[in-house]
Amino acid sequence: MPKDKKRPLKDRLRLPVGESVDLASYDTSATPGGPDGKAAGLAATAALGPRLADLQERLYAASTAGDRRRLLLVLQGMDTSGKGGTVKHVIGHFNPSGCRIRAFKAPTEEEREHPFLWRVTKALPQAGEIGIFDRSHYEDVLIARVRELVPRAEIEDRYGEIAGFEKGLADSGVTLVKVFLHISYEEQRKRLLERLDNPEKHWKFNPGDIEERALWPAYQDAYELALERCATDRAPWYLVPADRKWYRNWAISTLLLEHLAELDPQYPKGDFDVAESRRRLLES
């Protein structure tokens with residue numbers, strides 16, 4: 001195997017910390033470090049399932065002995081980039097009872113009465129759990145910036161608030177895996193047309209999606225700022241090319257595997273006499 005193939009995917013996809021981001025310089029159809037083609041990619045993703053499930057069980061088991069660690073996958077990207085598809089195809093590797101999934105939509109009236117991080121804090125995974133955010137607190141510096149929903153000065157303050165919030169999460173045992181699903185303008189048009197052409201997918205289409213496409217350049221600028229200002233060594237951003245769905249699923253599955261393997265959670269030892277318990281059970 002070529003030496004470069006052995007390089008961890010998280011090192012390949014991690015955006016540089018403290019540097020400006022130019023999304024146009026990243027190929028949305030690329031497959032860095034990936035299998036050779038769709039068929040191989042599907043097979044490789046399926047093969048990751050048992051290892052992911054084992055690590056999840058170990059993480060949950062460790063929490064029963066006081067291990068406070070957990071993992072939070074944050075999914076951000078333009079409409080149709082695959083946030084929901086990732087939840088369906090990647091999180092399916094895990095036991096749902098150990099996952100906490102939240103899709104963030106427009107804030108409710110109650111949520112608007114609180115600071116923007118309030119609703120996010122309520123949705124965080126507990127010890128031993130894997131959390132998945134379909135959209136997240138980053139909407140408050142993305143659509144809020146593009147649509148000018150709050151004063152620009154407040155937007156600027158939010159970058160610092162997010163960085164402080166994520167530092168606190170890392171300090172408390174949360175492993176953050178923040179993924180930007182990078183899709184092209186042309187691929188988004190194709191996926192929106194597929195929704196229009198299939199009556200069974202009309203529920204996924206909103207005429208407002210066309211209006212949002214008109215703001216594509218503004219959204220790219222907003223993402224570049226968020227990816228630059230809210231990336232730290234403990235909470236970096238990973239850019240996943242998302243035009244190829246099979247690669248997206250393989251890449252995120254692999255990122256999760258690498259982070260969970262790095263945590264290396266262990267089954268806790270029993271605090272009871274195994275031999276004695278076995279003897280009593282046999283005699284019962």
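A residue counts as buried when its relative accessible area is under 20%. By that cut-off Cys230, at 1% relative accessibility, is buried. Please keep in mind that this is a predicted model. With that said, here is a friendly tour of its charged pairs, its cysteines and two backbone angles. Over the whole structure, a search finds 21 salt bridges and 0 disulfides.

**Arg58 and its acidic partners**

- Side chains of opposite charge can pair when their charged atoms come close.
- One such pair is Arg58 with Asp264, whose side chains form a salt bridge at 2.7 Å, N to O.
- Arg58 sits in helix H2 (residues 38–63), while Asp264 belongs to the loop between helix H11 (245–263) and helix H12 (274–283), so this contact ties together parts 206 residues apart in sequence.
- Arg58 has a relative accessible area of 14%, so it is buried.
- Its partner Asp264 has a relative accessible area of 39% and is partly exposed.
- The pair also belongs to a network of salt bridges, in which Asp54, Arg58 and Asp264 are linked.

**Two salt bridges that involve helix H7**

- Arg158 and Asp140 meet through their side chains in a salt bridge of 3.7 Å, N to O.
- This pair links distant parts of the chain, 18 residues apart: Arg158 is in helix H7 (residues 152–171), and Asp140 is in the loop between strand E3 (130–134) and helix H6 (143–146).
- Arg158 counts as buried at 7% relative accessibility, and Asp140 counts as buried at 11%.
- Glu156 forms a salt bridge with Arg145, with 3.2 Å between the closest N and O atoms.
- Because Glu156 lies in helix H7 and Arg145 in helix H6, their contact ties together parts that are 11 residues apart in sequence.
- Glu156 is partly exposed at 30% relative accessibility, whereas Arg145 is buried, with a relative accessible area of 14%.

**A positive patch on the surface**

- Which lysines gather in a patch of positive charge on the surface? They are Lys38, Lys88, Lys190, Lys201, Lys204 and Lys245.
- Lys38, one of these lysines, is placed in helix H2.
- With a relative accessible area of 54%, Lys38 is exposed.
- Helix H2 therefore holds both Lys38 and the salt-bridged Arg58.

**Cysteines**

- How many disulfides does a search of the whole structure find? The search finds 0.
- Two cysteines to look at are Cys99, which is buried with a relative accessible area of 13%, and Cys230, which counts as buried at 1% relative accessibility.

**Backbone angles to look at**

- Most residues other than glycine have a negative phi.
- Arg135 has a phi near 70°, a positive value in a residue other than glycine.
- You will find Arg135 in the loop between E3 and H6, and Asp140 lies in that loop too.
- Glu148 also has a positive phi, near 55°, and is likewise a residue other than glycine.
- The place to look for Glu148 is the loop between H6 and H7.
- Is Glu148 buried or exposed? At 61% relative accessibility, Glu148 counts as exposed.
- The helices on either side of that loop, H6 and H7, are also the ones that hold Arg145 and Glu156.

Technical notes: Residues are numbered from 1 along each chain as its sequence is written. This is a predicted model: local features need pLDDT of at least 70, side-chain atom pairs count only at pLDDT 80 or more; totals for chains, interfaces and linings use all residues. Side-chain values use heavy atoms; hydrogens and water are left out. A salt bridge is a side-chain nitrogen of Lys or Arg within 4 Å of a carboxyl oxygen of Asp or Glu. Helices (H or I, at least four residues) and strands (E, at least two) are DSSP runs, numbered from the N terminus. Buried means under 20% relative accessible area, exposed over 50%, partly exposed in between (1.4 Å probe, protein chains only). Patches are made of residues with over 30% relative accessible area and no salt bridge: like charges are joined within 9 Å, nonpolar side chains (Val, Leu, Ile, Met, Phe, Trp, Tyr) within 5 Å. Accessible areas come from the Shrake-Rupley method with a 1.4 Å probe; for residues, only the protein chains shown count as cover. Lys and Arg count as positive and Asp and Glu as negative; His and the chain ends are not counted. The place of a charge is taken as NZ of Lys, CZ of Arg, CG of Asp or CD of Glu. A disulfide is a pair of cysteine sulfur atoms within 2.5 Å.
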